[in-house]
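Work through the exercises below with the model open beside you. Try each task before reading its solution.

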Amino acid sequence: MGKNNLSLCSVFIGFLFFSCVEHQDKLEMSDTSSQKGEEVAIELAEGFNITYQDEFTKIETHSLVGNEDFQDSIFILHRQMTPSFTKNRKIVPKNWTSICCQSSTHLAYLQQLNQTDLVTGLCGLSYVTKGPIKDQLEKNKTAEICIGEAAQLESLLAQNPEIYFTYPFSSEQNRELDKKGVQTFMIAEYLEKTPLARLEWIKLFAVLFQQEKQASTYFDQVKKEYLQLAQEDPDTNKKFIFNLPFGDTWYAPSSNSLIVQLLEDAGLYYYFHDEVGTENMAHPNEKIWEIGGQVSYWVIVASRPEGFNLADLVAENEVYGTFKSVIHHQVIFCNTATTDYFIKGVIEPHIMLKDLLFATHKIREHNPVYFRLLK
């Protein structure tokens with residue numbers, strides 16, 4: 001998400017793969033060709049392309065305007081190719097046995113495609129909340145492969161994966177891993193401008209695992225429901241602010257970020273609607289305190305103990321008690337400690353939109369999953 005509120009809510013995750021000699025031998029000695037899958041159409045996502053040829057399918061990921069420039073690609077071979085073609089190219093294996101992920105968001109796509117049993121390494125394993133995904137990772141004996149955000153080569157190699165899904169902002173380390181035979185592939189779904197565009201990255205993962213039909217069906221169903229729920233225009237009488245301060249600074253997402261798009265699709269109007277960019281915007285706390293006394297809603301995504309309530313929020317800083325949203329009980333909260341916001345939420349934008357519509361009284365019947373009003 002331009003990295004948006006992810007940097008504040010502490011989720012983004014780690015790295016991995018195989019020794020140089022072993023990796024090269026594996027590609028040269030085995031038949032890596034796979035049957036050509038069903039072609040998928042990309043409707044909304046801007047960060048990846050899929051090119052279909054008789055001999056191969058090429059998946060390319062790349063930067064968007066305003067972000068750090070990067071490009072990456074990987075090939076699915078439909079027949080045996082010459083060594084000159086495969087040299088220095090990343091090749092999808094015919095049979096998957098192990099993959100590693102830098103980010104927990106990758107797990108959402110993999111779970112929907114029934115591929116989480118392949119995940120043997122993850123950066124930020126402790127951030128995965130209780131539920132089916134965590135249960136599967138424990139069953140896999142998935143290893144923590146990072147210290148902080150840095151991948152540990154020994155941990156990566158021990159997992160012996162075919163691929164390591166990484167973030168592009170780790171490009172320098174990616175190059176080092178590639179030199180050592182660790183086949184990395186950059187995933188940047190968070191750079192997309194809308195929740196549905198980010199969801200569409202499920203098609204990229206689907207092509208890798210030949211699950212194209214399943215992914216397209218799921219995407220079409222969610223897109224249809226989301227668009228039926230989305231409000232045409234945000235209500236300027238229902239302005240909102242977002243997040244919590246970090247020290248003396250309040251970082252607010254730009255107006256063209258994923259989370260702001262989601263909230264405006266729910267009919268709310270961002271106070272910083274005219275401020276665009278690819279990074280969070282920094283404001284002094286005092287400025288937001290003043291704004292907080294004016295706007296109707298305050299939306300927070302943060303990790304707090306289970307049962308966190310409005311009184312607990314005000315106890316963190318008594319100035320919050322002067323916020324209009326607090327006085328009128330219109331604080332919308334997502335607890336990342338108890339929900340799968342950073343994992344399953346990536347592929348359930350329609351559920352998050354329902355949560356927000358329910359919290360703002362636009363629909364009556366709904367059981368909130370991610371967002372709810374603090375009481």
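A residue counts as buried when its relative accessible area is under 20%. Keep in mind that this is a predicted model.

**Exercise 1. The whole chain**

Task: Find how many helices and strands the protein chain has, and what share of its residues count as buried.

Solution:
- Start with the secondary structure. The protein chain has 15 helices and 18 strands.
- Apply the cut-off of under 20% relative accessible area. Of the 375 residues, 55% count as buried.
- Now look at contacts in the protein chain with a separation of 6 or more. Residues 24 or more positions apart account for 66% of them.

**Exercise 2. Strands 1, 2 and 3**

Task: Trace how strand 1, strand 2 and strand 3 are joined, and work out which residues of strand 1 are covered.

Solution:
- Begin at strand 1, residues 48–52. Its covered face holds F48, I50 and Y52. N49 and T51 make up the uncovered face.
- Step on to strand 2. A hairpin of 3 residues leads there from strand 1.
- Check the pairing. Strand 1 and strand 2 run antiparallel, joined by 5 bridges. One pair to find is N49 with its bridge partner E60 in strand 2.
- Continue to strand 3. Strand 2 (residues 56–62) and strand 3 also run antiparallel, with 7 bridges between them. Here T61 has D72 as its bridge partner.
- Finish with burial. In strand 3 (residues 71–77), 5 of the 7 residues are buried, so the strand is largely enclosed by the rest of the structure.

**Exercise 3. A sheet and its helix**

Task: Give the strand order of the open sheet that contains strand 13, and say which strands stand at its edges.

Solution:
- Read the order. The open sheet has 3 strands, 12-13-15, with antiparallel pairing.
- Find the edges. Strand 12 (245–246) and strand 15 (281–284) each have a single partner strand, so one side of each has no neighbour in the sheet.
- Look at one pairing. Strand 12 and strand 13 (residues 249–252) are joined by 2 bridges. P245 has W250 as its bridge partner.
- Add the helix. Helix 12 (residues 285–292) packs on the sheet and touches strand 12, strand 13 and strand 15. The direction of helix 12 makes about 85 degrees with that of strand 15.

**Exercise 4. Two packed helices**

Task: Describe how helix 11 and helix 15 pack, and list the residues that meet.

Solution:
- Two packed helices are described by the angle between their axes and the distance between the axes.
- Take both values. Helix 11 (residues 258–265) and helix 15 (residues 349–359) pack at about 55 degrees, with axes 9 Å apart.
- Classify the angle. The two helices are therefore oblique to each other. Their crossing is right-handed.
- List the contact. L262, L263 and D265 of helix 11 meet P349, M352, L353 and L356 of helix 15.
- Sort it by class. The contact has 6 nonpolar, no polar and 1 charged residues.

**Exercise 5. Positive phi**

Task: Locate N160 and H361. Is each one buried, partly exposed or exposed?

Solution:
- Recall the background. Most residues other than glycine have a negative phi.
- Take N160. Its phi is positive, about 50 degrees. N160 sits in the loop between helix 6 (153–159) and strand 9 (163–166). With a relative accessible area of 32%, N160 is partly exposed.
- Take H361. Its phi is also positive, about 65 degrees. H361 lies in the loop between helix 15 and strand 18 (371–373). H361 is exposed, at 61% relative accessible area.

Technical notes:
Residues numbered from 1 in each chain as written. Predicted model: local features only at pLDDT ≥ 70, side-chain atom pairs only at ≥ 80, totals over all residues. Heavy atoms only, no water. Axes fitted to C-alpha atoms, helices over the stretch in contact; angles between N-to-C directions. Helix = DSSP H or I, 4+ residues; strand = E, 2+ residues; numbered from the N terminus. Parallel < 35°, antiparallel > 145°, perpendicular 65-115°, else oblique. Left-handed = near helix turned anticlockwise from the far one by under 90°. Contact = heavy atoms within 4.5 Å. Nonpolar A, V, L, I, M, F, W, Y, C, P; charged D, E, K, R; others polar. Buried < 20%, exposed > 50% of the residue type's maximum accessible area, 1.4 Å probe, protein only. Pairing = 2+ DSSP bridges.
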